[in-house]
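Here are my notes for someone opening this structure cold. Have a look at it first, then walk through the points below.

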Amino acid sequence: MAFPHNSLRAFLSHAKKSLSRAIDTSQQITIVVGNESADLDSLTSSVLYAYIRSLAPPRHAFSPLYVPLLNIPAADISLRPEFYALFNHANIDASHLVTLDDLPKEPGSSLKPENTRWILVDHNKLQGKWGKEYGARVHGVIDHHEDEGAVPQDTNPEPRVVEKCGSCTSLVIRTLRSSWEGSSDGSSLSSGGGYGQDGLMINDAVVTRTWDAQIAKMALASILIDTANLTDESKVEQADREAVKYLEAKIYLSPQAAAQWNRDKFYQDLDGVERNIDGLSFNDILRKDYKQWTENGLKLGMSSVVKPLDFVAGKAVRNASDDKEDQFVTAVGDFMADRDLTIFAIMTRSTSSSGEFQRELFVQALSAGHAAASTFATEARQALQLEDHSVPALSEKPGAMQPSSEGPWRKIWLQKDVSKSRKQVAPLLRKAIAAEST
């Protein structure tokens, strides 16, 4: 049975309880999960997919309810202040989200693989221990990263969409738009009119349009952030433009939401909150938007940061009298050791003193990754337009941050091709690791 048209808050509460019940009673359940960086796009695309699909599940669906899973522990939501800013618009809070804490600690223990079906959004290969246990149960994907070929070609009745787009959420909208329209025309949780506490008649159409407007704002958040409010021509695709137009139309159908809607202000407010990481520690800055892969037994980690590397390095300084570079190197080494990484990269995006958008790239490799790091440095220099770069907080020693044959290999570049994000840089690093490991 399809989930009746209801608010996002009600849906998420129902999904969380249903997942717990499915685990306890070995019922079948479909899980929609974003990537492990758990950014806005992974949040909104998983929630949107699960919500719409649960309102109108396809024939022969594995289960009528789709549960959106945020691919981090609940405690890590606090690292994402932009989530909290968005929660107000969607009338939800952090406690409503389904996180890794809602799954068994040991994959496959009480959530048997055969009782699950997994849909991937904003990535197309399930990583880590969840991938090892449930990777064969992936049966659908909507993503805008490079296709790794891990998802079967035939995923019927679920979609298999992997193509370039500014935001994965835009592809979810395009794929499931007709289903959302059909459910919006159908029945809500109540039938006909009802009465509120003040005795006034409640119009179901008004209520459902309010619900749709709340969800539309949530979806718009990631599209606007990922495309710089549709101004970044290196990222924006037609699907992004059409999704924004469609979602704004949903907002304008709700008189209350329409009266308060200002897209530019909405974007600026969220963008400002996302970029404010001043209160985070060095480790939390690296954890906030972090992804990890394993290539031929070697682990690669990559953090995306919305501040320049000078700011990040400054966060590693605990004692002003000690050498800043040494403290940064130690902090990075500890971060790598905690995750058993062979190679680690930090990508920054910020505005330069002259007001231009810029990207920096830092790479550190242990001895087992020296060859791969050198290969990447050679092959990516032209592809990413890499230029040797120095950072004030790390320039106390002559030759600071230069590759070395002894100890960790390190290098900092200014990435002149700012159109290339982690979606393009990570595959180059992974390719270099795979080439040197064979």
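1. Start with helix 2, which lies across strand 1, strand 2, strand 4 (116-121) and strand 5, where contact means heavy atoms within 4.5 Å. Helix 2 runs at about 170 degrees to strand 2; axes are lines fitted to C-alpha atoms, for helices over the stretch in contact, and angles run from 0 to 180 degrees between N-to-C directions. Helices (H or I, at least four residues) and strands (E, at least two) are DSSP runs, numbered from the N terminus.

2. A word on the source: this is a predicted model, where local features need pLDDT of at least 70, side-chain atom pairs count only at pLDDT 80 or more, and totals for chains, interfaces and linings use all residues. Residues are numbered from 1 along each chain as its sequence is written, and side-chain values use heavy atoms, with hydrogens and water left out.

3. The strands under helix 2 belong to an open, parallel sheet of six, in the order 3-2-1-4-5-6; two strands pair if DSSP finds at least two bridges between them. Strand 3 (98-99) and strand 6 are its edges, each pairing on one side only. Two bridges hold strand 2 and strand 3 together in the parallel sense, and Leu69 stands opposite Val98 there. Helix 1 (residues 8-25) also lies across part of this sheet, at about 95 degrees to strand 2.

4. Now the other open sheet of six strands: its order is 9-10-11-12-14-13, and the pairing is mixed. Strand 9 and strand 13 (386-388) each have a single partner strand, so one side of each is left without a neighbour in the sheet. From one strand to the next, the twist averages 25 degrees. Strand 9 runs antiparallel to strand 10 (residues 298-305), with six bridges between them, and Gln292 has Gly301 as its bridge partner. Helix 13 (residues 370-384) lies across strand 11, strand 12, strand 13 and strand 14 (409-415), at about 10 degrees to strand 14.

5. Where is the space? The largest pocket holds about 970 Å³. On a 1 Å grid over the protein atoms alone, a pocket is an open set of points where a 1.4 Å probe fits, with protein on both sides within 12 Å along at least five of seven lines, and lining residues have an atom within 4 Å of a point. Grid points are joined across faces, edges and corners, and a volume is the space filled by probe spheres set on the points. Of its 44 lining residues, Asp39, Lys235, Ser421, Arg422 and Lys423 are closest to the centre. Helix 14 gives the most, six residues. By class, the lining has nine nonpolar, twelve polar and 23 charged residues (Ala, Val, Leu, Ile, Met, Phe, Trp, Tyr, Cys and Pro count as nonpolar, Asp, Glu, Lys and Arg as charged, and the others, Gly among them, as polar).

6. The second largest pocket has a volume of about 730 Å³. Its lining has 21 residues, and those nearest the centre include Gln292, the residue whose bridge partner is Gly301. Helix 4 (128-134) gives the most to this lining, with five residues.

7. Two backbone spots deserve a look. The peptide bond from Asn156 to Pro157 is cis, with omega near 15 degrees, and Pro157 is in the loop between strand 5 (138-143) and strand 6 (160-162). Asn229, in the loop between helix 6 and helix 7 (238-252), has a positive phi near 60 degrees.
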